[in-house]
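User: Could you pick one helix in this model and take a close look at how it is packed? Then please carry on from there to the strands around it and to the other chain.

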Amino acid sequence: MADLGVEICGIALEHPVINGSGTFDALAARRAFGDRMDQSFPFSAFVSKTITPEPRAGNPPPRLYETPAGMINSIGLPNKGLEGFLEADLPELDRLPVPLIVSVMAPSRDGFATLVERVGERDEVAAIELNVSCPNVSSGLIVGEQPAETLALLSALRPLTAKPLIVKLTPTVADPGAIARAAEDGGADAVSLVNTLRATALDPLTLEPWLGAGSGGLSGPAIRAVALDQVRRVAAEVSIPVIGMGGIESGADALAMLGLGASVVAVGTASFRDPLAGARIRAELDEELSLRGRAHLPRRLPASTSG
Amino acid sequence: MSDRVLAPFGRRCCEVSANRASGGYRVVSALDREGPQPQPGQFYMLSTDAWGGPGGRPYLPRAFSVAAAEPAREGLRLDFLIEAVGPGTALLAGLDSGDSLHLTGPLGRPFSDPGELGKGAAGAVLVGGGIGVAPLALLRRELARRGVPQRTLLGFRDRAHSGGLELFDCSEIRTASEDGHTGHQGYVTELLGVLLEGDDARSAAVYACGPPAMLEAVRLMCAERGVAAELAMETPMACGFGSCFGCAVPLADGGYMRLCVDGPTVAADRIESALIAGSGH
């Protein structure tokens, strides 16, 4: 057994496998599986679905389309809004046996500020992830595509909380390293990537867009190679920790992501196929390390200064 | 029936014990050694070893209502009614005895009791269409076991798109077919219409599962006559346990429900239409 323990932004994790935001609803899973879900919780930290200042119903159906080795979603961030989350969901999420990371998104800097202040003051919350890259909501895309916007947002939010701030990066930019650098310069404690890739599907009969919202985000093994490269590029640019995700389905996939510089990996679409995928990936990661005679996770090389 | 049975956490591997023809469909049976007895209306997410094979599809598991669940040696025999219509269903329909069937379940909200659906409803009318007859087979057995009076009406397009009758273990089924190969030539909703004209129509709740157009016709007929109805619906679904938010069904009073955890059985008066974009594919 290798030592899988990691620390990220001062949070000690039992192992480096967490969930991607919006890919595992612990409260719904508790309804489907009961308390056994908590007893064998597959992740070492739980990242919530993104919450917004006001409640959102989400996008009209259809919201899903299966692709070769993946899927496109256009869910549209349905959530109870800040107040609903704090009152109804947070106490229930606090029962989970792992640290809680809350994902937030707002259409304005002020909205983000309110979310960060209100969520950040709660003891149940270990860290906040800023969703600046969700491709389903136009306002989110703009910040995460622009280094200047990203820097400005982080500079505004950093003084508002002592909790770690994680910036979730979009892959649909020419230079993800530049956005990550802006996040680091603005005071971010970590970056997580990749979010889904913008994608479209057509109804084969009508040749009209299949998804109710017209387009969505691609996830699953179909994007793994892209995600690996983006993690490599970002890890070379910043010295803050990187949470790597995108199509991870096995311990070997996780090890590749860690080897390229991620400190933690997140499992997303694979959990849809098996709610315990995260636990399997952790076990496989342990085996992969043992096979290579390694007692520890790969250590990240220092960030280069050359870009 | 509404207190749902909970699934073991995680996907498990079951051995296929039989795969037989049933009309134009297949009945695939698997031995579940770990799961609990499912309730009528609940479903499982199914996949096989060949998932994600050449071409990368199918990738996501497929949701199937359970049609029968009988005690067997060392577990439970689960029967699924399958029609090969795409890459996932083709693999499921082609399973052989001894193959692995990966499943998560039982999931979702079971059918309600007649009395929970309609004031004074003591009996049940089951209306099934095509492959959608599956959950009604398990419901019929459960209602019969409990002595609830019932009528079963099943409709099919043609001989190639029919099957599953023997799962009902009952000779008193009225059938309809669009090509006239069995029973009344026409739609199953025409049989329902005749039944609902009776003075005692409100003494029974209607349970329906089938193609969206059939469900919508049932919903409208029951609403018009003040008869309580519950629909077992289907939409594209990635996970089956509330995580993907893909299976959204618009509600009559605004917003959406997740069909996997808040359904798949839905009281007909909760929705404005059973014609959900993307369902029936």
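Analyst: Let's fix one term before anything else: two residues are in contact if their C-beta atoms, placed from the backbone, lie within 7 Å. Keep in mind that this is a predicted model, where local features need pLDDT of at least 70, side-chain atom pairs count only at pLDDT 80 or more, and totals for chains, interfaces and linings use all residues. As for labels, residues are numbered from 1 along each chain as its sequence is written, while chains are lettered from A and ligands numbered from 1 in the order in which they are written. Helices (H or I, at least four residues) and strands (E, at least two) are DSSP runs, numbered from the N terminus.

I'd go for helix α4 of chain A, residues 109-120. The expected span of a helix is 1.5 Å times one less than its number of residues. For the 12 residues of α4(A) that gives 16 Å, and the end C-alpha atoms are 16 Å apart, which agrees.

Now for the packing. A residue is buried if 20 or more other C-beta atoms lie within 10 Å of its own, exposed if 12 or fewer, and partly exposed in between, with C-beta atoms placed from the backbone. By that count F112(A), L115(A), V116(A) and V119(A) are buried in α4(A). Looking down the axis of α4(A), the buried residues fall within an arc of 95°, so they line one face of the helix; the arc is that of the directions from the helix axis to the C-beta atoms. An α-helix has 3.6 residues a turn, so residues three or four places apart point the same way. On the other side of α4(A), D110(A) and E117(A) are exposed. What sits over the buried face? The cover includes α3 (81-93), β7 (100-104), β8 and α6 (147-157) of chain A.

Follow β8(A), residues 125-131, and you get to β9(A): the two pair in the parallel sense over 4 bridges. Pairing here needs at least two DSSP bridges between the strands. I166(A) in β9(A) is the bridge partner of E129(A), and I166(A) also stands opposite A190(A) in β10(A). β9(A) and β10(A), residues 190-193, are parallel as well, with 3 bridges. In a regular strand the side chains alternate between the two faces of the sheet. Both faces of β9(A), residues 165-168, are covered: L165(A) and V167(A) are buried on one side, I166(A) and K168(A) on the other. Add helix α7 (residues 176-185) of chain A, and β9(A), α7(A) and β10(A) make a right-handed β-α-β unit. Right-handed here is the case where, with the strands pointing away from the viewer, the path from the first strand over the helix to the second runs clockwise.

On to the other chain. The contact takes 35 residues from chain A and 33 residues from chain B. On the side of chain A that touches chain B, α1 (26-33), α2 (36-39), β5 (64-67), β6 (70-73) and α10 (269-273) each supply at least two residues, and α1(A) gives the most, with 5. That side of chain A divides into 19 nonpolar, 9 polar and 7 charged residues. Ala, Val, Leu, Ile, Met, Phe, Trp, Tyr, Cys and Pro count as nonpolar, Asp, Glu, Lys and Arg as charged, and the others, Gly among them, as polar.

Chain B has an open, mixed sheet of 7 strands in the order β11-β10-β9-β8-β12-β13-β16. β11 (184-185) and β16 (265-267) of chain B stand at its edges with a single partner strand each, so one side of each is left without a neighbour in the sheet. Within that sheet, β8(B), residues 123-129, and β9(B), residues 150-156, run parallel with 6 bridges, and G128(B) has L154(B) as its bridge partner.

Elsewhere in chain B, strand β2 (residues 25-32) is mostly covered, with 7 of its 8 residues buried. β2(B) runs antiparallel to β1(B), residues 12-22, over 7 bridges, and E15(B) stands opposite L31(B). The two form a hairpin with 2 residues between them, and G23(B) in the turn has a positive phi of about 60°. β2(B) is also joined to β6(B) by 7 antiparallel bridges, with S29(B) and D79(B) as bridge partners.
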